[in-house]
Amino acid sequence: PGGPTRPLGQVPKYLAERKAQISAEKDFLQAQLAQRQEDERCPPGTVLMSEAEKAEVRAELERRKAECLAALNRLPMRYDTTSVQSRRRELEKELSDIDASMVRFSRKEVFRPK
């Protein structure tokens, strides 16, 4: 009469449930803290880009660079009319802009507007 209803040495069910609840709350708070720290690193109104997003942008930049180089190579070398000179300057400026963007998107942390 009045003996234990569970085997000795076994943790009561309510304590195991409470331990799991505390562990879940702790994980949630750690995730919130990590998110807050990441948000504090970002300038206001921006979000940190993922590696996949950066890779996608770099691939698009590579495609545009190849197009510009092909267009530049198609320009006649011998005839330097004002329109050819103007087009050559436009393409060279676009290539330098693409190269600058490639450097920017090769950094470890890249931020984009929200």
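Which residues does Lys-54 touch, not counting residues up to four places away in sequence? In this predicted model, the list is Met-49, Phe-105, Arg-107, Lys-108, Glu-109 and Val-110. Lys-54 is part of helix H2, and with a relative accessibility of just 1% it counts as buried, because the cut-off for that label is under 20%. Three of these partners, Met-49, Phe-105 and Val-110, turn up again in the largest nonpolar core, which makes that core a handy place to go next.

The core in question has 12 residues. Its members are Met-49, Leu-61, Cys-68, Ala-71, Leu-72, Leu-75, Leu-91, Leu-95, Ile-98, Met-102, Phe-105 and Val-110. Two helices, H2 (51-74) and H3 (82-105), each put in at least two residues, and H3 gives the most, with five. As a general matter, nonpolar side chains in soluble globular proteins tend to be buried together. For a closer look at one member of the core, take Met-102: setting aside neighbours within four places in sequence, Met-102 is in contact with Arg-58, Leu-61 and Glu-62.

Now for the two helices themselves. H2 runs for 24 residues, and at 1.5 Å a residue it should span 34 Å; the C-alpha atoms at its ends are 35 Å apart, so the two values agree. H3 also has 24 residues, and from first C-alpha to last it reaches 34 Å, close to the expected 34 Å. Buried residues in H2 are Lys-54, Leu-61, Cys-68, Ala-71 and Leu-72, and the buried residues of this helix pack against H3. On the H3 side, the buried set is made up of Val-84, Arg-88, Leu-91, Leu-95, Ile-98, Ser-101, Met-102 and Phe-105, and H2 is part of what covers them.

The loop between H2 and H3 holds Thr-81. At 41% relative accessibility, Thr-81 counts as partly exposed, because that value falls between the cut-offs of 20% and 50%. Thr-81 and Asp-99 are 18 residues apart along the chain, and their C-alpha atoms are separated by 27 Å.

Charged pairs come next. Across the whole structure, a search finds eight salt bridges. In general, side chains of opposite charge can pair when their charged atoms come close. One of the eight joins Arg-63 to Glu-60, with the closest N and O atoms 2.4 Å apart. Both residues sit in H2, three residues apart, or about one turn of the helix. An α-helix has 3.6 residues a turn, so residues three or four places apart point the same way. Arg-63 is partly exposed at 39% relative accessible area, and Glu-60 is partly exposed too, at 35%. The pair also belongs to something wider: Glu-60, Arg-63 and Glu-67 are linked in a network of salt bridges.

Another salt bridge pairs Arg-64 with Glu-94, where the closest N and O atoms are 3.6 Å apart. Arg-64 is in H2 while Glu-94 is in H3, so this pair ties together parts that lie 30 residues apart in sequence. Both partners are partly exposed, Arg-64 with a relative accessible area of 31% and Glu-94 with 30%. Within H3, Asp-97 forms a salt bridge with Lys-93, at 3.3 Å between the closest N and O atoms. These two are four residues apart in the helix, which means that about one helical turn separates them. Asp-97 is partly exposed at 38%, whereas Lys-93, at 52%, counts as exposed.

Two other spots round out the picture. Strand S1 (residues 46-48) contains Thr-46, which is buried, with a relative accessible area of 18%. Not counting residues up to four places away in sequence, Thr-46 touches Phe-111, Arg-112, Pro-113 and Lys-114. Elsewhere, Val-11, Tyr-14 and Leu-15 make a nonpolar surface patch of about 330 Å². Val-11 lies in the segment before helix H1 (13-41) and, at 55% relative accessibility, counts as exposed.

Terms used:
Residues are numbered from 1 along each chain as its sequence is written. This is a predicted model: local features need pLDDT of at least 70, side-chain atom pairs count only at pLDDT 80 or more; totals for chains, interfaces and linings use all residues. Side-chain values use heavy atoms; hydrogens and water are left out. A nonpolar core is a set of buried Ala, Val, Leu, Ile, Met, Phe, Trp, Tyr and Cys residues joined through side-chain atoms within 4.5 Å. Buried means under 20% relative accessible area, exposed over 50%, partly exposed in between (1.4 Å probe, protein chains only). Contact means heavy atoms within 4.5 Å. The expected span of a helix is 1.5 Å times one less than its number of residues. Patches are made of residues with over 30% relative accessible area and no salt bridge: like charges are joined within 9 Å, nonpolar side chains (Val, Leu, Ile, Met, Phe, Trp, Tyr) within 5 Å. Accessible areas come from the Shrake-Rupley method with a 1.4 Å probe; for residues, only the protein chains shown count as cover. A salt bridge is a side-chain nitrogen of Lys or Arg within 4 Å of a carboxyl oxygen of Asp or Glu.
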